[in-house]
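Colleague: I am new to this structure and would love a close look at one part of it. Could you pick a single contact and walk me outward from there?

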Amino acid sequence: MATVHLRIGDLVWGKLGRYPPWPGKIVSPPKDLKKPRGKKCFFVKFFGTEDHAWIKVEQLKPYHPHKEEMIKINKGKRFQQAVDAVEEYLKKAKGKDQTHSDDKSKSDKGRKAAKPMKIIEEDDEDAFKGGSSDKEQTDSDPEPSSVRRLVAGTVTGFKWESSQVKDDPHFHHFLLSQSEKPASSMEPITKRLKIIEEDTGSTSIQAADSTAINGSITPTDKRIGFLGLGLMGSGVVSNLLKMGHVVTVWNRTAEKCDLFIQEGARLGRTPAEVVSMCDITFSCVSDPKAARDLVLGPSGVLQGIRPGKCYVEMSTVDPETTIELAQVITSRGGRFLEAPVSGSQQLSNDGMLVIVAAGDRSVYEDCSSCFQAMGKTSFFIAGEAGNAARMMLILNMVQGSFMATIAEGLTLAQATGQSQQTFLDILCQGQMASTFVDQKCQNILQGNFKPDYYLKHIQKDLRLAISMGDSVNHPTPMAAAANEVYKRAKALDQSDNDMSAVYRAYIH
């Protein structure tokens with residue numbers, strides 16, 4: 001590949017991680033933002049988004065020579081809006097250049113009329129250079145017309161300017177949600193993170209600027225505690241450690257802590273000790289009873305809570321349990337956030353969970369680098385603690401019901417003499433195609449029910465969702481039917497297998 005020489009002010013196509021190439025402009029970074037070590041990179045501000053990041057040179061291409069190529073391979077609405085924003089920026093820049101040229105021409109004529117020789121004055125340095133300075137190029141940053149851009153938090157006082165335009169909520173390039181609310185309503189966020197708030201009251205945290213390069217993040221300097229090293233918790237702790245967080249761990253079965261101690265974690269002897277040692281303590285356990293016992297039991301969380309200490313409940317529990325825990329934590333001066341996760345053991349290991357949070361907004365912001373380490377995105381649900389629990393139960397109710405229906409389809413195909421593999425092949429070419437469907441069905445056909453999400457836990461979530469529906473007099477007949485199938489699977493000793501083992505309830 002031929003060497004491409006780039007400089008501040010150039011328009012480029014930038015490739016960041018797994019995302020498609022996106023139009024941007026090379027700009028000067030904030031003064032206090034250091035360039036990452038290693039390969040040469042430029043600080044790029046992307047059109048049509050709130051995003052900016054350090055991008056390696058090999059992931060950059062000049063805008064104009066590759067424009068047609070990029071337009072052919074990217075057809076999304078958001079992408080087209082970003083390209084439109086570039087064209088609008090170029091149009092404005094051309095107009096400014098023309099005005100500057102006319103003014104300069106008049107100025108030159110005036111000088112020639114007055115003096116036989118042009119004298120370069122100090123203020124005329126740019127005219128001598130034949131173009132604008134890097135400073136001028138930096139100051140004329142792109143102003144996308146295709147998206148409402150919020151203040152992306154502060155990076156030691158640095159902010160992008162905002163412009164008010166409409167957004168497509170289904171955009172999945174760098175932001176998973178955008179805002180229709182005035183930027184002035186947003187509080188700044190440190191740690192180089194941005195918060196985006198939707199009309200629905202939810203919020204999404206995504207990585208910005210130097211924290212996004214190579215998938216790395218800037219870990220918080222707060223001491224992190226983690227209670228519960230099950231299928232989900234183990235992957236979360238591993239990723240927190242990989243990203244440089246200082247983590248103290250505790251688990252009911254102490255042997256599970258050994259691996260993480262070897263990886264650099266510290267050991268807490270009790271939940272109370274972990275909370276007292278740490279600034280933010282996360283917990284991820286199996287059910288409401290375990291969550292209550294962890295907080296209220298002997299040497300529990302409550303005994304270690306002091307004013308200012310943060311407690312983050314990541315377990316999937318009912319809203320009543322969440323509200324109770326929030327009340328007892330805050331009664332001791334603690335700060336409480338619920339943040340249950342959507343995903344599986346594999347997604348936890350890969351740092352690709354979806355976090356749904358509610359409660360103390362400031363704790364959510366303090367957890368930003370942790371949420372980046374463990375998940376692909378996180379949402380803040382406005383309102384009282386308990387709202388995230390409600391949302392997560394609904395999500396898991398849908399997932400559990402869907403899994404039971406897939407198992408029912410596979411067994412019905414077999415009962416009617418149809419090929420189960422052909423059923424799966426057809427399913428995966430249609431509208432319901434997904435990694436979830438493909439992996440679960442392939443595991444079923446191979447007889448592999450190694451737990452990625454315990455069957456007993458999805459049945460617990462269905463039960464809690466049905467109860468939640470009852471509390472507001474809302475019918476949940478589909479979930480109720482699925483719940484009965486999972487209960488039968490549990491009776492067949494499938495509790496500790498993967499949720500896909502619901503299949504066995506249909507063949508016994």
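Modeller: Gladly! Let us begin with a salt bridge: glutamate 365 and arginine 361 meet through their side chains, with 3.6 Å from N to O. Please keep in mind that this is a predicted model. Both residues belong to helix H12 (residues 361-366), and because they are four residues apart there, about one helical turn separates them. How buried or exposed are the two partners? Glutamate 365 has a relative accessible area of 14%, so this residue is buried. Arginine 361, at 23% relative accessibility, counts as partly exposed. In addition, Arg335, Asp360 and Asp366 are joined into one network by salt bridges that share partners.

Arginine 361 has another contact to show you. This residue lies over the face of phenylalanine 380, 5.4 Å from the ring centre. That ring takes us to an aromatic cluster, formed by Phe226, Phe282, Tyr364, Phe371 and Phe380.

Let us look at two of the cluster's rings in turn. Phenylalanine 282 is buried, at 0% relative accessibility, and phenylalanine 371 is buried too, with a relative accessible area of 2%. Their ring centres are 6.3 Å apart and their planes meet at 70°; an angle over 60 degrees counts as edge-to-face, so that is the name for this pair. Phenylalanine 282 sits in strand S11 (residues 280-283) and phenylalanine 371 in helix H13 (residues 368-374), so the pair links distant parts of the chain, 89 residues apart.

From strand S11 we can step to another salt bridge. Aspartate 279, in the loop between helix H7 (271-277) and S11, pairs with arginine 223 through their side chains, at 3.2 Å from N to O. Arginine 223 lies in the loop between strand S7 (202-207) and strand S8 (224-227), and this pair also links distant parts of the chain, 56 residues apart. Aspartate 279 is partly exposed at 23% relative accessibility, and arginine 223 is partly exposed at 39%.

To place all this in the wider picture, a search of the whole structure finds 15 salt bridges and 11 aromatic pairs. Among the aromatic pairs is the one between phenylalanine 47 and tyrosine 89, with centres 5.5 Å apart and planes at 55°, so this pair is tilted. Elsewhere, a charge over a ring turns up at lysine 456, whose charged end sits over the ring of tyrosine 454, 5.1 Å from its centre.

How values were computed:
Residues are numbered from 1 along each chain as its sequence is written. This is a predicted model: local features need pLDDT of at least 70, side-chain atom pairs count only at pLDDT 80 or more; totals for chains, interfaces and linings use all residues. Side-chain values use heavy atoms; hydrogens and water are left out. Rings of Phe, Tyr and Trp (its six-membered ring) pair if their centres lie within 6.5 Å; planes under 30 degrees apart count as stacked, over 60 as edge-to-face and the rest as tilted. Helices (H or I, at least four residues) and strands (E, at least two) are DSSP runs, numbered from the N terminus. Buried means under 20% relative accessible area, exposed over 50%, partly exposed in between (1.4 Å probe, protein chains only). A charge sits over a ring if NZ of Lys or CZ of Arg is within 6 Å of the ring centre and within 35 degrees of the ring normal. A salt bridge is a side-chain nitrogen of Lys or Arg within 4 Å of a carboxyl oxygen of Asp or Glu.
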